[in-house]
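Colleague: I would like a close look at one part of this model, the charged side chains and the contacts around them, with each step of the reasoning laid out. Please take it slowly and connect the pieces as you go.

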Amino acid sequence: MLKTRIRELRARDGISQGELANLVGVRRETIGNLENGKYNPSLKLAMDIAKVFGETVEDIFFYED
Amino acid sequence: MKQAKKNPLSYLGWLGVIGIIGIYYMAPWMITFLLFFFFFTYSRMVPDELFWSNVRRAATKAFAVNIGFQTLTFLFLFFRAVSGKGIPFSEAVQASGGAYLVDANYLLSIIINSSMNVIIFIVTLCTFFFCLMRYNRQEKKFVEEDKTC
């Protein structure tokens, strides 16, 4: 299952779901679904999110059995 | 910050105008186009990738429903024809003077076929709408739960 550190990174940088959604051009629902592993992002969205947090895609998205 | 663009799916709402024309001319097939006005409700929704993913899922289900019902209709008409109620076109429709004589069973098959086309069109559209609404509700509900975290 694809896991993400988006929630953790948002908390670190003090960014709300809505703010992150605006920064990467998606809806708040999309960020919520991403955080909870209900949706797998495209490579473009993953890279956009990584850019916002100044991290690599691999640092944010990873597989967990 | 990225600019939010208008949702292209909402443009399908203009097809609803065909429904208004259908009311004026009392054409049932065209009246069903009123359902397309539903697409205007998506004009404010940002068309991001999760939205298009939901559209694809809903469209796949609508397509499957459409193919299923079309197949059943064709099979019904086929078995109706081979069971003796159907006759070849050359015999079913005959010109007589300035008029055409149409066999009653043949006419019934045409009516069944055209009626089913309208029904299948409505069912396909409704399947798409309800699936899309359900997926959108599911993702919203999910975010609401997240607020409590």
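Colleague: Let us start from a single lysine: is Lys44(A) buried or exposed, and what is its relative accessible area?

Modeller: Bearing in mind throughout that this is a predicted model, Lys44(A) is exposed, with a relative accessible area of 54%, a value that stands over the 50% cut-off for that class. Its side chain forms a salt bridge with Asp48(A), where the closest N and O atoms are 3.0 Å apart. The two residues are 4 positions apart in helix α4 of chain A, so about one helical turn separates Lys44(A) from Asp48(A). The partners are placed unlike one another in terms of accessibility, for Asp48(A) has a relative accessible area of 18% and is buried. Elsewhere in chain A the charged residues are linked further, as salt bridges with shared partners join Arg7(A), Arg10(A) and Glu35(A) into one network.

That network is best read together with the packing of the helices that carry it. The axes of α1(A) and α3(A) lie 8 Å apart and make an angle of about 115°. On the side of α1(A), the residues in this contact are Ile6(A), Arg7(A) and Arg10(A), and they meet Ile31(A), Leu34(A) and Glu35(A) of α3(A). Sorted by class, the contact of α1(A) with α3(A) has 3 nonpolar and 3 charged residues, and no polar ones.

Within this helix pair, Glu35(A) and Arg10(A) meet through their side chains in a salt bridge, at 2.5 Å from N to O. Because Glu35(A) belongs to helix α3 and Arg10(A) to helix α1 of chain A, the pair ties together parts that are 25 residues apart in sequence. Glu35(A) counts as buried, at 9% relative accessibility, and Arg10(A), with a relative accessible area of 12%, is buried as well. A salt bridge of another reach is the one between Arg27(A), in the loop between α2 and α3 of chain A, and Asp48(B), in the loop between α2 (28-31) and α3 (49-85) of chain B, so that this pair joins two chains.

In that inter-chain pair, the side chains of Arg27(A) and Asp48(B) come to 3.2 Å, N to O. Both ends are buried: Arg27(A) has a relative accessible area of 7%, and Asp48(B) one of 3%. Asp48(B) should not be confused with Asp48(A), the partner of Lys44(A) within chain A.

The setting of the Arg27(A) bridge is the interface itself. Between chain A and chain B there are 2 salt bridges, while a search of the whole structure finds 8 over all chains. The two chains also share 6 residue pairs in polar contact, with both residues at pLDDT 80 or more. On the side of chain A that touches chain B, the elements giving two or more residues are α1 (6-13), α2 (17-24), α3 (28-35) and α4 (43-53). Of these, α3(A) provides the largest share, with 6 residues. By class, this side of chain A has 6 nonpolar, 8 polar and 9 charged residues.

In terms of contacts, 23 residues of chain A meet 15 residues of chain B. The area buried between the chains is about 1600 Å², and 55% of it lies on carbon and sulfur atoms. Arg27(A), together with Glu29(A) and Tyr39(A), supplies 36% of the area that chain A buries against chain B, which is more than any other three residues. Arg27(A) thus appears both in the salt bridge to Asp48(B) and among the three residues just named.

For the partner chain, some context may help. Chain B has 5 helices and 2 strands, and from the N terminus its elements run α-α-α-α-β-β-α. Of its 149 residues, 30% are buried, Asp48(B) being one of the buried residues at 3%. Among the contacts in chain B with a separation of 6 or more, 71% are made by residues 24 or more positions apart. One backbone detail deserves a separate check: Met26(B) is not a glycine, although it has a positive phi of about 55°. Met26(B) sits in the loop between α1 (16-25) and α2 of chain B, and at 62% relative accessibility it counts as exposed.

Technical notes:
Residues are numbered from 1 along each chain as its sequence is written. Chains are lettered from A and ligands numbered from 1 in the order in which they are written. This is a predicted model: local features need pLDDT of at least 70, side-chain atom pairs count only at pLDDT 80 or more; totals for chains, interfaces and linings use all residues. Side-chain values use heavy atoms; hydrogens and water are left out. Contact means heavy atoms within 4.5 Å. Buried area is the accessible area (1.4 Å probe) that two parts lose on being put together, summed over both. A salt bridge is a side-chain nitrogen of Lys or Arg within 4 Å of a carboxyl oxygen of Asp or Glu. A polar contact is a pair of N or O atoms within 3.5 Å; within protein, one must be able to donate a hydrogen and the other to accept it, and residues adjacent in sequence count only if both atoms are side-chain atoms. Ala, Val, Leu, Ile, Met, Phe, Trp, Tyr, Cys and Pro count as nonpolar, Asp, Glu, Lys and Arg as charged, and the others, Gly among them, as polar. Buried means under 20% relative accessible area, exposed over 50%, partly exposed in between (1.4 Å probe, protein chains only). Axes are lines fitted to C-alpha atoms, for helices over the stretch in contact, and angles run from 0 to 180 degrees between N-to-C directions.
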